[in-house]
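Please open the model in a viewer and keep the sequence panel in sight. The tour below proceeds by selection, one stop at a time.

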Amino acid sequence: MERVTQLEYDEERAADMHAVAEARDQAALTRLFDYYVPKIRSFCLAAQPGANLMADDIAQEVMIRIWNKAHTYKPESASLNTWVFTLARNARIDYLRKNSRHQSDIDPEFLWQNVVDENADPFKDAQQKRDQERIQQGLDKLPKDQKQVLAKVYLEGKTHKEAAEELSLPLGTIKSRVRLALHKLTIYVKR
Amino acid sequence: MINYHPSIETLTDYAAGSLPLAHSLCVSTHIEHCQECQQQIRKLEMLGSHLFEQAKTENRRLSSLKDSFFQKLAEQPEPVDLDKPETSEVPAQSWNDDYRIPRSLRQFIKSSYDDLNWMRLSPSFKIATLYNEEGGAQVALTRVKAGAHMPTHTHTGDEITLVLEGAFSDESGVYRQGDFINRDASHKHKPIVTKDAECICLTVLDAPIEFTGWLTRLLNPIIRRHHPYSPQ
């Protein structure tokens with residue numbers, strides 16, 4: 001039951017996104033703001049606890065990018081959530097790059113540009129939905145310790161090494177937890 | 001055919017955005033050549049989006065943030081040319097050779113590898129620094145003539161090598177365009193470039209050592225070999 005509602009919400013947001021792209025609909029943008037800004041803020045605060053100003057800046061920046069880049073969003077190659085996650089990730093990297101001790105000349109814009117998929121595939125949409133479902137359902141069933149490590153890496157922006165130090169666990173343990181988790185989510189298949 | 005890929009940990013850190021930028025540059029260059037890793041990144045980003053979606057949010061009034069956002073939006077010019085991608089596409093093909101500069105490197109190399117400031121370390125070995133990360137990694141291109149040896153070297157940190165053009169081999173295998181090779185500090189290797197073409201690689205050195213120190217280290221064996229009183 002819950003999943004159906006979730007899907008309906010996802011579809012509403014997809015419609016809002018469409019209205020932003022096609023009709024420059026600010027009311028739709030406001031709804032997206034209400035939904036995503038708290039998530040983007042907590043994504044930023046996970047990496048830098050207490051940095052509310054940074055979280056506000058990044059959240060605004062991401063919403064501006066959503067508005068400005070609306071026409072580049074392709075629903076058939078990524079879900080809206082995935083697209084917003086990648087925007088938030090890139091904005092966070094960019095912010096940290098410009099404002100921290102890890103100053104760097106590498107412009108992240110060049111590193112995560114969506115690689116144009118040359119073999120566009122009519123089944124891609126279906127494949128994408130299937131992967132999405134699998135990951136979502138798998139994630140709900142993951143043991144806590146595996147989920148915790150994934151959260152460190154994804155939300156707190158820690159590398160495997162840093163996660164190991166923080167949890168006082170050997171790097172090997174962290175690696176195997178992540179691998180197990182990715183294996184269950186059918187993301188990782190041993191080559 | 002690409003045979004050497006980043007580890008799943010590296011791909012995960014890349015998709016999550018926690019991998020250092022210098023390393024991300026190598027991964028990004030690799031996936032331009034590698035469909036398989038592109039697929040994995042796509043799924044890893046999906047996973048990221050679910051974690052992002054499920055993360056707890058605090059109950060905080062956002063009305064003032066919203067006001068300032070819409071004010072900002074009103075002040076910015078409406079983006080023009082909505083159908084055009086916003087990054088201008090640099091010509092993909094270099095004009096004086098057949099090399100194609102990877103998209104990820106076009107922030108450093110506009111049209112040709114020849115434009116870089118190459119430093120000749122031996123008749124067959126050149127290096128060009130793209131940039132040094134403050135207190136972090138060193139990002140450089142190496143260019144070695146067909147059939148030549150690269151200087152034997154060890155490193156104190158990790159070294160990532162990404163083959164851009166040509167091929168080389170060492171004790172453990174043959175590496176071709178797109179291959180991603182990660183060596184740790186304990187590894188000592190003696191790469192040789194294949195005889196058919198020169199080899200250009202992107203390298204990232206996690207460098208607790210100074211640039212000069214690293215250079216000297218590279219230069220030492222060459223200088224020794226070329227010295228007129230060398231015992232060899």
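Which residues of helix H6 (residues 144-154) of chain A are buried? Select that helix in this predicted model: the buried residues are A:Val149, A:Leu150, A:Lys152, A:Val153 and A:Tyr154.

Next, display what surrounds them. Within chain A, the buried residues of H6(A) pack against helix H7 (160-166) and helix H8 (171-184). From chain B, helix H1 (8-16) and helix H3 (35-54) also pack against these buried residues.

Now keep H6(A) and H8(A) alone on screen. Their axes are 9 Å apart, and the two helices pack at an angle of about 100°. H6(A) is therefore roughly perpendicular to H8(A), as angles of 65 to 115 degrees are classed that way. To see the contact itself, show A:Asp145, A:Gln146, A:Val149 and A:Leu150 on the H6(A) side. On the H8(A) side, show A:Ile174, A:Arg177, A:Val178, A:Leu180 and A:Ala181.

Widen the selection to residues 133-185 of chain A, where UniProt, in an unreviewed entry, places the feature "domain: RNA polymerase sigma factor 70 region 4 type". This span is 77% helix and 0% strand, and its end C-alpha atoms lie 10 Å apart.

Colour chain A by domain for the next stop. The domain assignment gives domain 1 (1-115) and domain 2 (124-191). The C-alpha centres of these two domains of chain A are 21 Å apart. Where they meet, six residues of domain 1 are in contact with six residues of domain 2.

Turn then to the largest nonpolar core, which has 91 residues. The members that touch the most other members are A:Ile40, A:Val62 and A:Ala88. Helix H2 (residues 26-47) of chain A gives the most to this core, contributing 10 residues. Both domain 1 and domain 2 of chain A are represented, each with at least three residues in the core. In soluble globular proteins, nonpolar side chains tend to be buried together.

Centre the view on A:Ala88. Leaving aside residues up to four places away in sequence, A:Ala88 touches A:Ile40, A:Phe43 and A:Val62, and also B:Phe52 from the other chain.

Finally, select chain B as a whole. How many helices and strands are in chain B? There are five helices and 11 strands. Of the 232 residues in chain B, 35% are buried. Among chain B contacts between residues at least 6 apart in sequence, 64% join residues at least 24 apart.

Conventions
Residues numbered from 1 in each chain as written. Chains lettered and ligands numbered in written order. Predicted model: local features only at pLDDT ≥ 70, side-chain atom pairs only at ≥ 80, totals over all residues. Core = buried A, V, L, I, M, F, W, Y, C linked by C-beta atoms within 7 Å. Buried ≥ 20, exposed ≤ 12 C-beta atoms within 10 Å, placed from the backbone. Helix = DSSP H or I, 4+ residues; strand = E, 2+ residues; numbered from the N terminus. Domains from an automatic or database assignment. Contact = placed C-beta atoms within 7 Å. UniProt positions renumbered as here; feature names shortened; annotations may be inferred. Axes fitted to C-alpha atoms, helices over the stretch in contact; angles between N-to-C directions. Parallel < 35°, antiparallel > 145°, perpendicular 65-115°, else oblique.
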